[in-house]
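Student: Got a minute to go through this one with me? I'd like to talk about how the chains meet.

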Number of protein chains: 2
Amino acid sequence: MTEARAEISDGVVDLLGVLAYGELSAFDRLAEDARSAPTLAGRAALAAMAGAEIGHYEMLANHLHAHGASVEEAMQPFRKHVDAFQESTAPRTWLESLVKAYVVDNLAADLYRELSTVLDDEVRRLVLTVLDDTGHSAFAEREVAAAIEADSTQRDRLSLWSRRLLGEALTQAQYIVAERDGLAELIVAGSVDLSGIAALFRKLQQGHAKRMQVLGLG
Amino acid sequence: MTEARAEISDGVVDLLGVLAYGELSAFDRLAEDARSAPTLAGRAALAAMAGAEIGHYEMLANHLHAHGASVEEAMQPFRKHVDAFQESTAPRTWLESLVKAYVVDNLAADLYRELSTVLDDEVRRLVLTVLDDTGHSAFAEREVAAAIEADSTQRDRLSLWSRRLLGEALTQAQYIVAERDGLAELIVAGSVDLSGIAALFRKLQQGHAKRMQVLGLG
């Protein structure tokens with residue numbers, strides 16, 4: 001059992017590391033967006049979501065620590081790509097903030113769910129818990145639907161915005177996969193048809209397209 | 001039992017309201033300070049503290065809701081004073097951030113502990129849980145002690161800073177007490193020697209002075 005505890009592949013450290021930095025980065029984004037909320041209730045709702053991200057971060061950090069890996073070191077390789085994504089997609093309005101949180105959280109959830117098939121039971125349970133919806137999706141869907149109904153020009157603007165978010169996210173994801181061999185191996189191991197990384201990205205795009213229809217932006 | 005659930009005095013709504021807005025405001029402050037942390041570990045530590053504040057906020061909101069009160073309405077009267085305090089004491093350095101968090105959290109804890117004697121069991125337990133140290137004190141003590149040792153000129157600067165924080169906090173607290181009759185009654189009811197509000201403020205100053213000695217800033 002102690003042997004099993006100690007074993008953790010480079011690919012899994014990478015996976016948990018990019019997930020951890022993603023949570024920390026999402027915390028920042030939500031905390032900042034909370035301040036631009038039009039109501040006190042909206043501010044509290046976003047702050048609570050930020051709090052949930054940090055709870056997840058701590059679970060990942062604890063797991064890495066239990067396996068002798070440092071979360072700070074595990075996150076390090078991903079900072080520049082995640083930060084670049086955040087900088088290239090800084091929301092200018094409250095609605096852009098909400099759509100961004102919705103798009104990114106769901107893309108990340110899809111990505112990790114795809115990869116979870118190659119993880120051992122303990123890590124899979126951890127990843128699925130961490131990706132548990134923090135209540136953001138329902139909140140975003142409600143707010144965005146109300147905004148589109150009130151002003152139909154918002155639809156085109158937000159639809160364009162969601163496409164840009166997807167593009168920037170996939171760009172940074174491609175850089176990461178190109179740089180991190182362990183992570184790339186994990187993806188290839190997880191693909192049933194050997195088409196690997198291209199197939200994964202295609203799946204992510206399809207999931208995104210479906211969600212945009214749900215949101216009224218398809 | 002259902003009767004007791006429904007009963008909640010104006011003073012208690014005020015108390016939980018100012019505590020709730022204090023938590024929301026502390027979340028903002030810690031989330032922003034997290035971004036200026038010199039290390040990724042410091043950033044994660046402050047983000048985790050911010051997450052804890054939001055957990056507390058949710059407990060207070062749930063309690064108010066269970067008693068038929070709205071947390072948004074309960075917070076409203078205190079926004080301007082808490083915001084004024086935050087604006088008049090915006091930290092310019094990482095150390096000022098840490099000292100501020102330390103001073104404010106502990107002042108708030110002292111204040112609510114004093115008032116908890118007049119609360120019923122359920123509210124008292126809630127308040128004491130919410131004021132549970134979120135790990136900030138030990139972290140701040142360690143970081144400040146190390147900074148003072150490395151550069152003794154920091155001692156005078158941070159000592160002055162902590163005095164200013166106390167002064168601004170008591171100023172806003174006095175405004176609040178002057179405006180909120182229910183809260184003032186709660187304080188008077190809680191003072192054993194009838195000296196009431198002045199005695200409470202004196203106690204807070206004494207507690208602050210003791211803590212500053214612990215921190216090496218006395």
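Student: How many residue pairs are in polar contact across the interface of chain B and chain A?

Tutor: Six, in this predicted model. Both residues of each pair have pLDDT 80 or more.

Student: And how many salt bridges does the rule find there?

Tutor: Six salt bridges across the interface of chain B and chain A. One of them joins Asp28(A) to Arg35(B). Their closest N and O atoms are 3.8 Å apart.

Student: Which helices of chain B supply at least two residues each to the side that touches chain A?

Tutor: Helix 2 (10–35), helix 3 (40–66) and helix 4 (71–75). Helix 3 of chain B gives the most, with 11 residues.

Student: What classes of residue are on that side of chain B?

Tutor: There are 13 nonpolar, three polar and seven charged residues.

Student: How many residues does each chain bring to the contact?

Tutor: Chain B brings 23 residues, and chain A brings 23.

Student: What area is buried between the two chains?

Tutor: About 2000 Å². Carbon and sulfur atoms give 62% of that.

Student: Which residues of chain B lose the most area to chain A?

Tutor: Arg35(B), Leu40(B) and Arg43(B). Together they make up 31% of what the chain B side buries. Arg35(B) is also the salt-bridge partner of Asp28(A).

Student: New topic. Where is Asp132(A), and is that residue buried or exposed?

Tutor: Asp132(A) sits in the loop between helix 7 (121–130) and helix 8 (136–150) of chain A. Asp132(A) counts as exposed because its relative accessible area is 52%, and the cut-off is over 50%.

Student: What separates the C-alpha atoms of Asp132(A) and Arg164(A)?

Tutor: 25 Å, with the two residues 32 apart along the chain.

Terms used
Residues numbered from 1 in each chain as written. Chains lettered and ligands numbered in written order. Predicted model: local features only at pLDDT ≥ 70, side-chain atom pairs only at ≥ 80, totals over all residues. Heavy atoms only, no water. Helix = DSSP H or I, 4+ residues; strand = E, 2+ residues; numbered from the N terminus. Buried < 20%, exposed > 50% of the residue type's maximum accessible area, 1.4 Å probe, protein only. Contact = heavy atoms within 4.5 Å. Buried area = accessible area lost by both parts, 1.4 Å probe. Salt bridge = Lys/Arg side-chain N within 4 Å of Asp/Glu carboxyl O. Polar contact = N/O pair within 3.5 Å; in protein donor to acceptor, adjacent residues only side chain to side chain. Nonpolar A, V, L, I, M, F, W, Y, C, P; charged D, E, K, R; others polar.
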